[in-house]
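Q: I'm new to reading structures and would like to learn how to look at one. Can we go through it together?

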Amino acid sequence: MRLILAAALTITALAAGAEEVVLGLSKDKVAITTSFDGSEILIFGAVKREEPIAEDPLEVVITVAGPSEPVVVRRKSRKFGIWVNTDVLEVDSAPSFYAVASTAPLQDVLSNTEDQRWKISIERAIRSVGAPETIPDAKNFTEAVIRIRRDAGLYQMLEDQVALDQQTLFRTSIDMPADLTEGDYTTRIFLTRNGDVVSHLETSIDVRKVGLERWLFSLSRNRPILYGLMSLAIAIFAGWGASAAFRLLRNG
Amino acid sequence: MQIYLPIAEVSVNAFLLLGLGGLVGILSGMFGVGGGFLMTPLLFFIGIPPAVAVATEANQIVASSFSGVLAHFRRKTVDLKMGLVLLVGGLTGAALGVLVFNYLKSLGQVDLLVRLCYVLFLGVVGGLMFLESLRAIRKSRRGGGPPPKRRQRTWVHALPFKMRFRTSGLYISVIPPVGVGIVVGILAAIMGVGGGFIMVPAMIYILGMPTKVVVGTSLFQIIFVTAFTTMLHATTNFTVDIVLAVLLLVGGVIGAQIGTQIGLRLKAEQLRILLALMVLVVCGKLALDLLLQPSELYSLGAAGGH
């Protein structure tokens with residue numbers, strides 16, 4: 001009997017990493033309609049495991065990232081008494097939206113090496129290489145990207161915002177602002193123990209303009225002449241309509 | 001009610017836009033100005049990207065000018081020939097303006113240029129209007145002095161390529177009207193305005209046109225210049241936001257009709273002073289933004305604007 005128990009413990013120890021994420025999303029599509037006013041996404045799930053829970057506490061880190069694009073950062077300085085854009089730096093890649101939610105402060109649940117490997121924290125999610133020599137303080141520019149986007153609600157640091165019950169059930173909600181860009185929003189769930197990632201899962205949330213928004217946007221890009229003429233036709237018609245309606249009101 | 005603008009990619013309150021359109025429409029009906037020079041800075045304030053604000057405002061001016069010119073056609077106060085000559089200059093100017101606009105956009109200086117243009121022109125126009133209406137109020141209190149004499153012959157009359165403009169009763173060179181057209185065209189493209197507030201004084205004081213045909217003729221050519229500007233922005237920058245334009249239009253055309261009615265009942269000089277003060281306030285706010293240290297020195301933009 002004692003032998004069996006010992007064997008069971010060994011197996012548990014060996015398979016300590018065998019924990020898997022089972023995920024649910026309140027929605028995997030966000031439709032940007034004309035009345036789009038932001039969206040709240042509920043991310044929830046469970047940790048599936050075949051063996052008893054290990055002693056060290058499990059932590060959960062969840063990231064949602066919008067499509068990454070290069071961003072041009074400009075800095076103003078005073079020239080001839082007025083403030084004008086003088087320095088410019090192109091950040092190679094920065095997500096248009098980024099949220100990190102975790103069960104505890106990020107530095108406690110994630111080691112620096114793992115952060116570097118998986119690019120989890122906001123600072124790591126932005127990639128900037130090869131700043132020109134004219135700009136010695138390139139770091140200020142990437143910090144500016146984070147600061148400006150955080151103030152606009154586009155970058156969110158949601159520490160302690162993931163609820164974890166019984167080391168098994170987790171859930172969090174992420175508010176997406178109204179000013180979203182289109183694309184696949186990569187959603188990653190990491191399970192960490194002692195700062196190491198023991199398991200992870202990746203899925204994506206599809207954010208798309210739909211209906212009228214979709215139609216107008218693609219028309220303006222694919223058939224700009226038709227789009228321009230349509231704008232003018234609406235303007236001319238509205239101008240004529242107002243004049244005619246007003247004349248009717250006066251005469252009638 | 002929030003509305004997501006497909007091109008500007010921001011979400012704004014629809015009633016705020018209708019209200020802004022209506023407010024500027026009322027002012028334009030009351031004072032006979034296009035209102036673009038007030039609307040575009042207001043759009044900056046509520047967070048519409050400047051490039052979208054400028055392009056979309058051009059489209060809105062097409063509507064308000066078209067509405068206005070119909071009334072002038074009925075009263076036969078449009079000098080078509082003069083309008084066409086101004087138009088030749090205007091289209092050339094608009095094309096140049098969009099080229100300048102795109103070049104500066106690639107340098108990241110377009111905001112600066114648009115703002116500088118605004119500070120300069122709002123300051124000058126607001127200041128002149130303020131002084132002029134103060135003088136008018138003083139004069140009406142004193143009780144009508146002698147009417148100012150109109151200069152008969154100016155340097156304009158010495159230039160070659162003369163042409164007869166019957167409706168305006170003028171026989172002058174085509175160079176000054178083409179020149180005025182070019183300047184207004186450039187401004188229309190860069191500032192997203194019709195340019196009426198520069199065109200009208202230029203027609204009266206430089207070309208010597210009779211006041212009664214000035215507004216109609218100016219509106220006539222503004223329609224074509226702003227339509228052309230709209231097309232250029234729509235095809236080269238993709239920055240015309242049709243949803244934004246429609247919201248501003250609806251508010252604007254209704255406001256303009258209300259404004260015309262209010263304008264008929266109120267005293268002109270006091271209203272002009274109010275308008276002048278408002279223009280100066282907008283100008284002052286834009287100037288302060290340039291002069292004071294901004295709270296955020298950094299700004300973000302999309303890459304690949306070259």
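A: Sure, and keep in mind that this is a predicted model. Let's begin with a term: two strands pair if DSSP finds at least two bridges between them.

Q: How many bridges join β9(A) to β10 of chain A?

A: Strands of a sheet pair through backbone hydrogen bonds, either parallel or antiparallel. Here, three bridges link β9(A) with β10 (residues 169-176) of chain A, and the two run antiparallel. Across that pairing, A:D165 sits opposite A:L169 in β10(A).

Q: What is the order of strands in the open sheet of chain A?

A: Follow β1-β3-β10-β9 in chain A: four strands, paired antiparallel. β1 (19-25) and β9 (163-165) of chain A are at the edges with a single partner strand each, so one side of each has no neighbour in the sheet. From one strand to the next, the twist averages 20°.

Q: What radius of gyration does chain A have?

A: You read that value against a compact globule: with 252 residues, one would come out near 18 Å, but chain A has 26 Å. Its C-alpha atoms fill a box of roughly 105 × 55 × 30 Å along the principal axes. As for burial, 30% of the 252 residues of chain A count as buried.

Q: How many residues does each chain give to the contact?

A: Chain B gives 46 residues and chain A gives 48. On the side of chain B that touches chain A, α3(B) supplies the largest share, nine residues. That side of chain B divides into 30 nonpolar, 14 polar and two charged residues.

Definitions and conventions. Residues are numbered from 1 along each chain as its sequence is written. Chains are lettered from A and ligands numbered from 1 in the order in which they are written. This is a predicted model: local features need pLDDT of at least 70, side-chain atom pairs count only at pLDDT 80 or more; totals for chains, interfaces and linings use all residues. Two residues are in contact if their C-beta atoms, placed from the backbone, lie within 7 Å. Ala, Val, Leu, Ile, Met, Phe, Trp, Tyr, Cys and Pro count as nonpolar, Asp, Glu, Lys and Arg as charged, and the others, Gly among them, as polar. Axes are lines fitted to C-alpha atoms, for helices over the stretch in contact, and angles run from 0 to 180 degrees between N-to-C directions. The radius of gyration is taken over C-alpha atoms; the globule rule is 2.2 Å times the number of residues to the power 0.38. A residue is buried if 20 or more other C-beta atoms lie within 10 Å of its own, exposed if 12 or fewer, and partly exposed in between; C-beta atoms are placed from the backbone.
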